[in-house]
Amino acid sequence: MSKVTLHRREESFGLLEKSITDLRTYRRRVYLFTTFVATAALAILMSLPNKYTASARFLPHDITPVNQLASLAASIVPQDLLSSSTLPGMKSEGSKLRGLYKSNRFLDAVLKRQYESRENSASLSLYVLLEEPHKEYARIELLDRIRLDEDLKSTILTLGATTDDPVLSANLANACIEELEQLKREMEKQSAAEELNFLSAQIREEKENLKLAENDQTEFLMKNRNYMTGDDPVLRQKVTEHEAKVFYYSHVLLRLNKMATAAEMSLNRDTPRFTLIE
């Protein structure tokens with residue numbers, strides 16, 4: 001009986017020793033694997049180029065003739081009668097600029113500019129610095145490196161540029177701001193010229209409407225001058241209608257003239273379109 005018990009104890013000790021050995025082997029393998037993964041990850045990170053982001057915050061000036069024309073329409077025509085297809089709607093300057101900075105016109109202007117970098121003292125175009133001579137691919141590459149965000153509460157815009165070179169990132173961000181402002185200036189001048197032509201035609205039309213309304217009012221008063229001293233409610237109602245019609249066309253004409261003056265000033269002004277914050 002004692003021999004059987006002793007044999008079982010020796011067998012149990014053997015299994016325990018084998019388990020401990022297997023556990024040590026497993027721990028050693030886990031340690032080696034973890035060390036290998038960490039070393040490989042560190043090597044990959046060290047092999048990747050550093051990324052540098054330069055950003056600029058600015059505030060656009062919201063005084064375009066299109067927005068002023070939409071304000072005029074909203075002040076004269078009831079909101080439920082105003083059709084979005086008849087007059088341009090009001091848009092924030094941020095939404096307009098986000099559309100402009102993705103346009104080929106802006107991207108091509110930025111790509112053609114000359115830039116200095118930390119590695120190259122000579123000024124080179126982005127086609128060379130990005131090593132992408134094909135225009136379409138260069139545009140895609142540039143869009144991947146720049147970003148324009150808007151704070152809807154403060155309407156402040158932030159433009160960021162990311163490259164492998166800190167000097168190039170800063171120069172690229174500045175170039176984007178300058179080209180975006182120049183494009184905005186050109187678009188505003190074109191829009192102002194179009195709005196001025198439109199407003200001039202509207203002013204001529206409203207002058208004719210006002211002249212007709214005044215003539216109708218004068219003709220009505222002349223025909224009924226002998227009865228105007230009475231208390232005829234129909235005549236008083238007609239007088240009120242003619243006065244309201246003349247006042248309406250006078251008000252519209254006054255606002256259109258102010259709009260035309262603003263559009264002409266916008267066409268001729270050459271002031272900064274952005275206010276740089278930092």
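This passage looks at a four-stranded sheet and the two helices described with it.

The structure is a predicted model, in which local features need pLDDT of at least 70 and side-chain atom pairs count only at pLDDT 80 or more, while totals for chains, interfaces and linings use all residues. Residues are numbered from 1 along each chain as its sequence is written, and side-chain values use heavy atoms, with hydrogens and water left out.

The sheet is open and antiparallel, with its four strands in the order S4-S5-S1-S6. Strands here are DSSP E runs of at least two residues and helices are H or I runs of at least four, numbered from the N terminus; two strands pair if DSSP finds at least two bridges between them. Strands S4 (146-150) and S6 (274-276) sit at the edges with a single partner strand each, so one side of each has no neighbour in the sheet. On average, neighbouring strands are turned by 30° against each other, direction ignored.

Turning to the pairings, S1 (residues 52-60) is joined to S6 by three bridges, and Pro60 stands opposite Phe274 of S6. S1 also pairs with S5, antiparallel again, over seven bridges; Ala54 has Ala161 in S5 as its bridge partner.

As for the helices, H6 (residues 135-145) packs on the sheet, touching S4 and S5 (157-163), where contact means heavy atoms within 4.5 Å. The direction of H6 makes about 50° with that of S4. Helix H7 (residues 166-223) lies across S1, S4, S5 and S6 and runs at about 140° to S5. Axes are lines fitted to C-alpha atoms, for helices over the stretch in contact, and angles run from 0 to 180 degrees between N-to-C directions.
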